[in-house]
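Biologist: I've got the sequence and the coordinates up on my screen. Could you walk me through how this one is put together?

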Amino acid sequence: MSDTLTDQFKAGFRRYPTGVAIVAASTETGPVGATVSSVASVSANPPMLSFSVSRSGRSGPALTGSDRLAVHVLTESQAHVAAAFADRTAPRFMVAQGWTLPHGEPPVLEDAAASFYGRVARVIPAGEAWLVLLEVDTVDLGESAESGDPLLHHDRNYWSLGPSVSTLDRILPEKAS
């Protein structure tokens, strides 16, 4: 068992499965991006989401300093993209990974389950990370249900969904109509 609170905290969150996304921006020196598993809906009106990035990483300062960002929700077929962005030495933004790089706009990832584009509303220092609030002005839902099952992160591995455990109408039959 881990000895420190920090180690226990990390171990606890490794047990929490999350979705996987790539946050990307276009900068004067080229595109930047990072794999994140901390994306959360903040508000529907106005549309706003949050995510966190490390303050000590290479991508965090470039992302938090950008005016516009894209948050691409990954599908199970994009695990190789998530792995590339989580590895500091792996090639990123490759055409073979599905990227297009429009001039002056955030990079676009083909076949993402959903892509959220917007401007950074606020960056909040939070321990060793930055919490970023993004005001969303455009949502691209990809190819709807055909975009594939979501990519999940759990216990330092990438996973896809298995069969559904249950649906709400089986859990709460009185609510089904």
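**Around the helix and its sheets**

Modeller: Let's start in the middle: the cover over the buried residues of α3 includes β2 (21–27), β3 (30–36), β7 (99–100), β8 (108–109), β11 and β12. Keep in mind that this is a predicted model.

Biologist: Which residues of α3 are buried, then?

Modeller: Look down the axis of α3 and the buried residues fall within an arc of 160°, so they line one face of the helix. As a rule, an α-helix has 3.6 residues a turn, so residues three or four places apart point the same way. The buried ones in α3 are V81, A82, A84 and F85.

Biologist: And A86, which is also in α3: buried or exposed?

Modeller: A86 sits in helix α3, and apart from residues up to four places away in sequence it touches T35 and Y158. A86 and A34 are 52 residues apart in sequence but 6.6 Å apart in space, C-alpha to C-alpha. Even so, the relative accessible area of A86 is 51%, and the cut-off is over 50%, so A86 counts as exposed.

Biologist: At what angle does α3 run to β3?

Modeller: α3 lies across β2 and β3. Those two strands belong to an open sheet of seven, with antiparallel pairing, in the order β3-β2-β6-β9-β10-β5-β4. The direction of α3 makes about 105° with β3.

Biologist: Which strands are at the edges of that seven-stranded sheet?

Modeller: The order is β3-β2-β6-β9-β10-β5-β4, and neighbouring strands are turned by 35° against each other on average, direction ignored. An edge strand here pairs on one side only. That gives β3 and β4 (40–44).

Biologist: How many bridges join β9 to β10?

Modeller: Strand β9 covers residues 114–126 and runs antiparallel to β10. On its other pairing, with β6, it has six bridges, also antiparallel, and there V71 has F116 in β9 as its bridge partner. Between β9 and β10 the number of bridges is eleven.

Biologist: Which residue takes a positive phi in the hairpin of β9 and β10?

Modeller: That hairpin has two residues between the strands. P125 is the bridge partner of W130 in β10. The positive phi, near 60°, belongs to G127.

Biologist: What in β10 stands opposite V53?

Modeller: β5 (residues 47–54) and β10 (residues 129–140) run antiparallel and are joined by seven bridges. We just met the residue in question as the bridge partner of P125. Opposite V53 stands W130.

**The smaller sheet**

Biologist: What's the strand order in the sheet of three?

Modeller: This one is open too, with antiparallel pairing. β1 (18–19) and β12 (157–160) stand at the edges with a single partner strand each, so one side of each has no neighbour in the sheet. The order is β1-β11-β12.

Biologist: What angle does the direction of α3 make with that of β12?

Modeller: β11 (residues 151–154) is joined to β12 by four antiparallel bridges, and L151 has S160 in β12 as its bridge partner. α3 packs on this sheet, where it touches β11 and β12. Its direction and that of β12 make about 160°.

Biologist: Which backbone oxygen does the side chain of T18 reach?

Modeller: T18 is found in strand β1 and counts as buried, at 14% relative accessibility. Neighbours within four places in sequence aside, it is in contact with S37, L151, L152 and H153. At 3.5 Å, its side chain reaches the backbone oxygen of S37.

Biologist: One loop residue before we stop: what is the relative accessibility of Q78?

Modeller: Q78 lies in the loop between β6 (68–73) and α3 (79–86). Beyond its neighbours within four places in sequence, it contacts V73, L109, E110, D111, A112 and L151. Q78 counts as buried because its value falls under 20%: its relative accessibility is 4%.

Biologist: And for the whole protein chain, what share of the residues is buried?

Modeller: The chain holds four helices and twelve strands, and its accessible surface comes to about 10900 Å², 55% of it from carbon and sulfur atoms. Of the contacts with a separation of 6 or more, 62% are between residues 24 or more positions apart. Out of 177 residues, the buried share is 31%.

Key: Residues are numbered from 1 along each chain as its sequence is written. This is a predicted model: local features need pLDDT of at least 70, side-chain atom pairs count only at pLDDT 80 or more; totals for chains, interfaces and linings use all residues. Side-chain values use heavy atoms; hydrogens and water are left out. Buried means under 20% relative accessible area, exposed over 50%, partly exposed in between (1.4 Å probe, protein chains only). Contact means heavy atoms within 4.5 Å. Accessible areas come from the Shrake-Rupley method with a 1.4 Å probe; for residues, only the protein chains shown count as cover. Two strands pair if DSSP finds at least two bridges between them. Axes are lines fitted to C-alpha atoms, for helices over the stretch in contact, and angles run from 0 to 180 degrees between N-to-C directions. The arc is that of the directions from the helix axis to the C-beta atoms. A polar contact is a pair of N or O atoms within 3.5 Å; within protein, one must be able to donate a hydrogen and the other to accept it, and residues adjacent in sequence count only if both atoms are side-chain atoms.
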